[in-house]
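Biologist: Could you take me through a single part of this model in detail, and then set that part in its wider surroundings? I would like one connected account that I can follow with the structure open beside me.

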Amino acid sequence: MPTDKITDLTKTARALNKRDFECAVVPDANEAAKTLLQYIPPEAVVGIGGSVTIRELGIIGKLEARGNAVIPHWQPGLTEETDRKLRRQEGLADYYLTSANAITEQGEIINIDGIGNRVAHMIYGPENVIIVAGYNKIVPDIDAGIARSKEIAAALNAQRVGSKTPCAKTGKCVDCDAPGRICRVITIIQYRPWQTKIKVLLVNEKLGF
Ligand code: SF4
């Protein structure tokens, strides 16, 4: 296990704890999935944000196998109405699982959304939110976090969904004004919002983008 990264993650975890998030560091995706199963009670309803990281953990199948009701809106062939209904239901879940686009070494959590359901639910709605982030999401400061959110996360997401944006073609953000622009809302969670219990699980592995 590379000790330099663990040391960085431990420092970031301390910064997150100071900001009233409950943060833990785990060595890999397997351990992250095990920890999530401990954090989430078997009877809880779990909403899943649009997150590659969460899917890389294989946690959705594990939760369902254990009997948790899981609400994921990332399903092929949904009508617009069903998609909207599922996103709203995720906000009423007992637990909401997602990642973050970037987390600063000072403990700020940064995200950019196109629709905004993910950032809304991270702040208010579900009583419990668990954010899982690989070491690749850690950045030195807010400017670097916003840059990462656009130039890496949004650009790769645009490619993933085949958006008609410049970044989907070139992999580079040009702060476009394309009708299909996916960067529409930026949030910086500076401290844990009062009515939402937020746990952050930092993983010493590259996860998501
Ligand atoms: S090019 Fe547009 S859609 Fe792509 S990352 Fe930049 S602002 Fe977002």
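Modeller: Let me start from Asp20, which lies in the loop between α1 (3–18) and β1. The model is a predicted one, and in it the phi of Asp20 is near 80°, a positive value in a residue other than glycine. As a background to that value, most residues other than glycine have a negative phi. Asp20 counts as partly exposed because 13 C-beta neighbours lie inside 10 Å, where 20 or more would be needed for a residue to be called buried and 12 or fewer for exposed.

The strand β1 that follows this loop has side chains that alternate: Cys23 and Val25 point to one face and are buried, whereas Glu22, Ala24 and Val26 point to the other face and are not buried. In general, the side chains of a regular strand alternate between the two faces of the sheet. β1 runs parallel to β10, and 5 bridges join the two strands; within this pairing, Ala24 stands opposite Leu201 in β10.

Seen from further back, β1 belongs to an open sheet of 6 strands, with parallel pairing and the order β1-β10-β7-β4-β2-β3. The edge strands of this sheet are β1 (22–26) and β3 (69–72), each of which pairs on one side only. On average, and with direction ignored, neighbouring strands of the sheet are turned by 20° against each other. Helix α2 (residues 29–39) packs on this sheet and touches β1, β7 (128–134) and β10 (197–203), and the direction of α2 makes about 160° with that of β10. Helix α4 (residues 59–66) also packs on the sheet, where α4 touches β2 and β3, and the direction of α4 makes about 150° with that of β3. Elsewhere in the sheet, strand β2 (residues 45–48) pairs with strand β4 (residues 95–98) in the parallel sense over 3 bridges, and the bridge partner of Ile48 in β4 is Leu97.

To return to helix α2, Asn30 has its place there, and Asn30 is partly exposed, since 13 other C-beta atoms lie within 10 Å. From C-alpha to C-alpha, Asn30 and Pro41 are 18 Å apart in space, while in sequence they are 11 residues apart.

A second positive phi can be set beside that of Asp20: for Asp175, again a residue other than glycine, phi is near 50°. Asp175 is found in the loop between α8 and β9 (185–189), and Asp175 is exposed because 9 other C-beta atoms lie within 10 Å.

That brings us to the ligand, which has 14 residues around it, and of these Ala154, Cys167, Cys173, Cys176 and Cys183 come nearest. Both α7 (142–161) and α8 (166–170) supply at least two residues of the shell around the ligand, with α7 giving the most, at 4 residues. By class, this shell has 10 nonpolar, 1 polar and 3 charged residues.

Finally, for the whole chain, there are 8 helices and 10 strands. The radius of gyration of the protein chain is 16 Å, close to the 17 Å that the globule rule gives for 209 residues, so the chain is as compact as a globular protein of that length. Along its principal axes the C-alpha trace spans about 40 × 40 × 30 Å, and 41% of the 209 residues count as buried. Among contacts between residues at least 6 apart in sequence, 74% join residues at least 24 apart.

Terms used:
Residues are numbered from 1 along each chain as its sequence is written. This is a predicted model: local features need pLDDT of at least 70, side-chain atom pairs count only at pLDDT 80 or more; totals for chains, interfaces and linings use all residues. A residue is near a molecule or strand if its C-beta atom, placed from the backbone, lies within 6 Å of it. Ala, Val, Leu, Ile, Met, Phe, Trp, Tyr, Cys and Pro count as nonpolar, Asp, Glu, Lys and Arg as charged, and the others, Gly among them, as polar. The radius of gyration is taken over C-alpha atoms; the globule rule is 2.2 Å times the number of residues to the power 0.38. Two residues are in contact if their C-beta atoms, placed from the backbone, lie within 7 Å. Two strands pair if DSSP finds at least two bridges between them. Axes are lines fitted to C-alpha atoms, for helices over the stretch in contact, and angles run from 0 to 180 degrees between N-to-C directions.
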